[in-house]
Amino acid sequence: MTSRNHQLFEQSQQYIPGGVNSPVRAFKSVGGDPVFFQRGAGAYFWDADGKSYIDYVGSWGPLILGHAYPDVIKAVQAVAENGLTFGAPTEAELEIAQLICQLIPSIEQVRLVSSGTEAGMSAIRLARGFTGRSRIIKFEGCYHGHDDALLVKAGSGALTFGHPSSAGVPAETVGHTIVLDYNDIAGIEAAFNQWGPEIAAVIVEPVAGNMNLVAPSSDFLAKLRSLCTQSGSVLIFDEVMTGFRVGLGCAQGLYQIKPDLTTLGKVIGGGMPMAAFGGRRDIMQCLAPLGPVYQAGTLSGNPVAVAAGLATLKLVQAPGFYEKLEDRTQQLVDGITAAADNHGIDFCAQSVGGMFGLYFRKDIPTSFAEVMQCNKEAFNRFFHAMLNEGIYFAPSAFEAGFVSSMHGDNELNKTLSAAEKVFEHWQDK
Ligand SMILES: *Cc1c(COP(=O)(O)O)cnc(C)c1O
């Protein structure tokens with residue numbers, strides 16, 4: 001029996017490289033056909049054959065309210081009727097900019113863009129323009145979009161494909177990028193000792209979510225803050241994933257560290273293509289039209305995307321929203337861990353706010369190298385067995401997972417029963 005899903009994948013491969021429009025969507029890492037989806041509602045989505053799944057990917061992070069949340073859809077519909085784009089400013093952009101500045105105190109001014117990649121590359125250019133320096137520091141396993149200068153031993157799709165960096169990136173382009181190990185304090189101190197006065201920026205995921213999930217050690221972010229302050233380097237928190245995902249104050253609120261610039265994406269677009277970068281006023285004022293650092297976008301601040309973002313950011317401010325999301329996510333990882341323990345499987349898991357990591361190894365990893373020690377074959381088996389049970393996790397052992405506010409007791413119980421069943425038959429094969 002040939003499924004509709006399989007047919008679509010076969011045909012898509014004719015017209016789209018690999019049949020997908022972003023490499024992590026391919027099941028290259030776990031094997032098999034990627035699932036094509038046709039509709040979603042709340043915690044569920046349905047594939048081309050009509051099979052339903054509980055979704056723990058949430059479009060890779062944006063869908064904190066689940067699929068097709070009525071208020072978000074209504075906001076989009078209402079705005080779309082009045083025109084999709086003007087290429088000129090609108091009141092809603094002011095409203096979302098004010099809201100972002102109010103919710104994230106380190107952001108005094110913000111500029112809207114259309115993707116996290118744009119936010120990251122623009123923040124780097126701005127930091128270089130502001131400081132007049134060229135060198136930047138990034139951490140192995142962190143992903144900041146596919147800008148050339150940042151595609152150095154990148155995680156996510158590039159990691160899945162086993163290439164430490166992409167072809168097509170000239171060596172000169174990454175020649176100013178220093179790559180260090182996440183959580184390696186001695187490494188950062190050494191880098192600042194050697195290059196401090198030449199370092200324009202340090203860019204970091206304050207909770208790394210593109211090499212599975214790696215949390216920052218208690219003094220890692222504080223050390224980055226103090227070293228950047230000392231040497232006049234710009235500290236950039238890439239909160240494209242963690243922004244409004246780990247808490248209303250984002251990761252910088254959770255860990256009480258104030259970056260100079262922040263990049264946002266995913267949740268702030270509520271499922272539409274929108275991202276942003278912002279921070280200190282003196283830095284942001286170096287941007288065109290005020291300053292010499294060029295940055296632009298035809299569809300930046302797109303009214304429909306802004307409407308989805310505003311509706312989402314209004315809803316996540318409900319009292320207790322993040323406490324509930326955090327509890328639910330913790331219950332999920334505790335439950336899966338208990339099921340694995342019951343059957344003597346080497347497994348551990350952790351969560352931060354509404355994001356989580358599952359690891360087929362004994363201890364929680366703290367670096368890219370430790371993440372790489374996870375048992376990938378075990379993950380792949382788990383992934384496919386859970387998929388079969390109607391539970392959709394990210395199709396790679398090297399991605400974080402996401403819970404939405406629509407994941408209730410029912411979805412949690414279904415997921416944990418499926419995990420128990422899968423682990424019960426773990427030795428069968
Ligand atoms: C997803 C992501 C990006 C890239 O965002 P796109 O919208 O896919 O370009 C950048 N940084 C982090 C931390 C991300 O998770």
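Hi everyone, let's start at the ligand. The residues around the ligand are S115, G116, T117, Y143, H144, G145, E205, N210, D238, V240, M241 and K266. Before I go on, please keep in mind that this is a predicted model.

What kind of company does the ligand keep, by class? The shell has 3 nonpolar, 6 polar and 3 charged residues.

Now for some individual distances. D238 has a polar side-chain atom 2.7 Å from a nitrogen atom of the ligand. With Y143 the backbone is involved: one of its polar backbone atoms is 3.1 Å from a ligand nitrogen. For N210, an N or O atom of the side chain sits 3.1 Å from an oxygen atom of the ligand. And how much of the ligand's accessible area does the protein cover? On its own the ligand has 380 Å² of accessible area, and the protein covers 82% of that.

Next, let's look at the sheets. One of them is an open sheet of 7 strands with mixed pairing, and if you walk across it, the order is β4-β10-β9-β8-β7-β5-β6. Which strands are at the edges? They are β4, residues 109–113, and β6, residues 177–180, and each of them pairs on one side only. Ignoring direction, neighbouring strands in this sheet are turned by 20 degrees against each other on average.

Let me stay with β4 for a moment. Its partner β10, residues 275–279, runs antiparallel to it, and 5 bridges join the two. If you would like a pair to find on screen, try R111, whose bridge partner in β10 is F277.

Helices pack here too. Helix α3, residues 91–103, packs on the sheet and touches β4 and β9, the latter being residues 261–264. The direction of α3 makes about 125 degrees with that of β4. Then there is helix α4, residues 116–131, which lies across β4, β5, β7, β8, β9 and β10. Relative to β10, α4 runs at about 25 degrees. Two residues from our ligand list, G116 and T117, fall within the range of α4.

Now to the other sheet I'd like to show you. This open sheet has 4 strands, in the order β1-β2-β3-β13, and again the pairing is mixed. Its edge strands are β1, residues 37–41, and β13, residues 391–392, each pairing on one side only. Strands β1 and β2 run antiparallel, joined by 4 bridges, with β2 covering residues 44–47. Opposite F45 in β2 you will find G40.

I'll finish with two backbone details. Most residues other than glycine have a negative phi, and most peptide bonds are trans. Where is W60? Look in the loop between β3, residues 52–55, and α2, residues 70–80. W60 has a positive phi, near 70 degrees, and is not a glycine. The second detail is a cis peptide bond between A288 and P289, with omega about 10 degrees. P289 belongs to the loop between α10, residues 281–284, and α11, residues 303–315.

That's my tour, so thanks for listening!

Technical notes. Residues numbered from 1 in each chain as written. Predicted model: local features only at pLDDT ≥ 70, side-chain atom pairs only at ≥ 80, totals over all residues. Heavy atoms only, no water. Near = heavy atom within 4 Å. Polar contact = N/O pair within 3.5 Å; in protein donor to acceptor, adjacent residues only side chain to side chain. Areas by Shrake-Rupley, 256 points an atom, 1.4 Å probe, with all protein chains shown as cover. Nonpolar A, V, L, I, M, F, W, Y, C, P; charged D, E, K, R; others polar. Pairing = 2+ DSSP bridges. Axes fitted to C-alpha atoms, helices over the stretch in contact; angles between N-to-C directions. Contact = heavy atoms within 4.5 Å.
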